[in-house]
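Work through the exercises below with the sequence and the coordinates at hand. Each task is followed by a stepwise solution.

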Amino acid sequence: MSYVAPKDYSQDAHIVEAATRRMAGDLDLDWMAIRGEPAAYGPRDPRRGLTLDDIDRGAYAAARLPEIVRHNFSMAPRGAILPEGLPSLGYTLNRKSEIWSDRAAALFEEGKSRHWAPSHAVPWATLDAIDPIDRGELARRQLATVLISAGLVASDVAARWEWHMNQEFHEVKYLLCVQMIDGARIAEAFRKRALYGSGSLGIDSPAVGELLKMIFESDTYPMASASMNLLLFSWVQALGRHFEFHATQAADGFLGTRLAQDASRFLAYGIDHVRGLITARPNEAEVLHEHLDLVENGLVGMLGASEVIEPLILLNGSLDVVVAFYARTANEYFTRCAAAGLPDRPARSPVPDFIRILRG
Amino acid sequence: MATPFPSLAFFQALQQRTKEASDRFERLGYCDTTFGVRIGDRLFRVAFEVYECTAVGEGDGDEALDFVLAGSLETWIEMVRAIRENSGADAAHTLNTLTHIGDVIQVEYDDAEGYDKFFRYMASLQEFFDQARALDLELR
């Protein structure tokens, strides 16, 4: 059942009486006498305009937030006056270290600044010269199909957790809204890539689905962040670079570059978020390790799935190049994990063994 | 008079292009990174802030570099020549292609976040180098 407020406002005599009085011009103006801390904030750099960091000061600053927020569970914005009687929205993410990154505000601004619109920005007409049944083209459309799934699940993961976050952490909530848009744009752009002209979607992959489900159904937000922002987007970024590398015309070059660009913001937040969490609460490292042990097992499934590895072999011309690509991307992922405070990933991960098996 | 490549004057000319062609860079969005370009044994430093290149220099500086793009003189000349011949990098000579499989140009870095800035801002950095199409250059 939908939420019902405890008061029947339409039958409240005080509300009707007060409204009638105000309509006659008798204003209380009580709200005007009680204001948040006065601010005189403006753009520090006019080229950027007014950013979230410009107004993150005084009583409105995130630096004043305690590790555990107990003073506000309502929808009231940080720094506003909190009257009695505000309803709780039931937030479950009320610990700053669970979600926080000092970079969230800047990444939010950057995400908006570097946005692009697939409908017009991609030079789609350059795809006209492509043979729609060329094996390389079929391989690109198969990879595009995988990326559509990854993009939409990224939106789903951000959406799944954003509304659980306390309103006091608005910078991170804003960033997750941009992640939803970024994920949707990945799905939109690669759906259009697959279907442009005489195109078609490829086949979905159970192994890719299992990996994405493990990320989507992470028990906690830190687990979801580590497995999506760090792990999944290490591979999404790499696939973007690979898409650009194998581009034979401008549209794929554009798409690959922008995919790598947008994926890198997920990575930047993920590294800083996980590092902050482990710094504040070192015991969380083992929890994340155990989760990544499982999700990387799913990653092996994706990397070995015919719907993924075979198009890569076709594009690269040999398995050896694909193995080198996998090894490089795994190494980059482990380097990011180390930067986030998880230096033991290579020793625990099934991915290096899988790559050794592929090498023969 | 033609600007020699490689040289500090070349990067100063590219820096000026980010002001003259500001609309192209503003369309691509914020770009905040300080990186290096190693051409043979010469290191050039390039700083971007908001939309434009704000500083260039040669040699080791005080500021930390997010990443360094390192390649042989021949590789860089080939890239710049391709940019001039195609009015922008062709598919074989984009920054991504040259730094991906095969590592024709190496991306050197100390920390993962600095490394990822190369990819976060790659479109802006490609546009930066593509501005070489507007310069009168002497490749040597």
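Leaving aside its neighbours within four places in sequence, with which residues is L65(B) in contact?

The model is a predicted one, in which local features need pLDDT of at least 70, side-chain atom pairs count only at pLDDT 80 or more, and totals for chains, interfaces and linings use all residues. Residues are numbered from 1 along each chain as its sequence is written, and chains are lettered from A and ligands numbered from 1 in the order in which they are written.

**Exercise 1. Place L65(B) and list its contacts.**

Step 1. Two residues are in contact if their C-beta atoms, placed from the backbone, lie within 7 Å. With neighbours within four places in sequence left aside, L65(B) is in contact with T34(B), F35(B), G36(B) and R45(B).

Step 2. L65(B) sits in the loop between β4 (52-58) and β5 of chain B. Helices (H or I, at least four residues) and strands (E, at least two) are DSSP runs, numbered from the N terminus.

Step 3. F35(B) is 30 residues away from L65(B) along the chain, and their C-alpha atoms are separated by 4.7 Å.

Step 4. A residue is buried if 20 or more other C-beta atoms lie within 10 Å of its own, exposed if 12 or fewer, and partly exposed in between, with C-beta atoms placed from the backbone. L65(B) counts as buried because it has 20 C-beta neighbours inside 10 Å.

**Exercise 2. Reconstruct the five-stranded open sheet of chain B.**

Step 1. Strands pair if DSSP finds at least two bridges between them. β2 (residues 33-39) and β3 (residues 42-49) of chain B are antiparallel and share seven bridges; T33(B) has F48(B) as its bridge partner in β3(B).

Step 2. β2(B) also pairs with β5 (residues 68-71) of chain B, in the parallel sense and over four bridges. Here V37(B) has L69(B) as its bridge partner.

Step 3. β5(B) runs antiparallel to β6 (residues 106-108) of chain B, with three bridges between them. L69(B) is opposite V107(B) in β6(B).

Step 4. The order of the open sheet is β4-β3-β2-β5-β6 (chain B), and the pairing is mixed. β4 and β6 of chain B are at the edges with a single partner strand each, so one side of each has no neighbour in the sheet. From one strand to the next the twist averages 25 degrees, with axes being lines fitted to C-alpha atoms, for helices over the stretch in contact, and angles running from 0 to 180 degrees between N-to-C directions.

**Exercise 3. Describe chain B as a whole, then chain A.**

Step 1. Chain B has six helices and seven strands, in the sequence pattern β-α-α-β-β-β-β-α-α-β-α-α-β. Chain A has 15 helices and zero strands.

Step 2. The C-alpha trace spans about 40 × 35 × 30 Å along its principal axes in chain B, and about 80 × 50 × 50 Å in chain A.

Step 3. The radius of gyration is taken over C-alpha atoms, and the globule rule is 2.2 Å times the number of residues to the power 0.38. For 140 residues a compact globule would have a value near 14 Å, and the 14 Å of chain B agrees.

Step 4. Buried residues are 46% of the 140 in chain B and 40% of the 360 in chain A.

**Exercise 4. Find the backbone exceptions in chain B.**

Step 1. Most residues other than glycine have a negative phi, and most peptide bonds are trans.

Step 2. The peptide bond between F5(B) and P6(B) is cis, with omega about 0 degrees. P6(B) belongs to the loop between β1 (3-5) and α1 (8-20) of chain B.

Step 3. V50(B), in the loop between β3 and β4 of chain B, has a positive phi near 60 degrees. V50(B) counts as partly exposed because it has 17 C-beta neighbours inside 10 Å.

Step 4. S87(B) has a positive phi of about 55 degrees and lies in the loop between α3 (73-86) and α4 (95-99) of chain B. S87(B) is exposed, with 10 other C-beta atoms within 10 Å.

**Exercise 5. Which elements give two or more residues to the side of chain A that touches chain B?**

Step 1. The contact involves 30 residues of chain A and 19 residues of chain B.

Step 2. The elements are α4 (104-113), α9 (221-245), α10 (250-280) and α13 (319-339) of chain A. α10(A) supplies the largest share, eleven residues.

Step 3. By type, this side of chain A has ten nonpolar, nine polar and eleven charged residues. Ala, Val, Leu, Ile, Met, Phe, Trp, Tyr, Cys and Pro count as nonpolar, Asp, Glu, Lys and Arg as charged, and the others, Gly among them, as polar.
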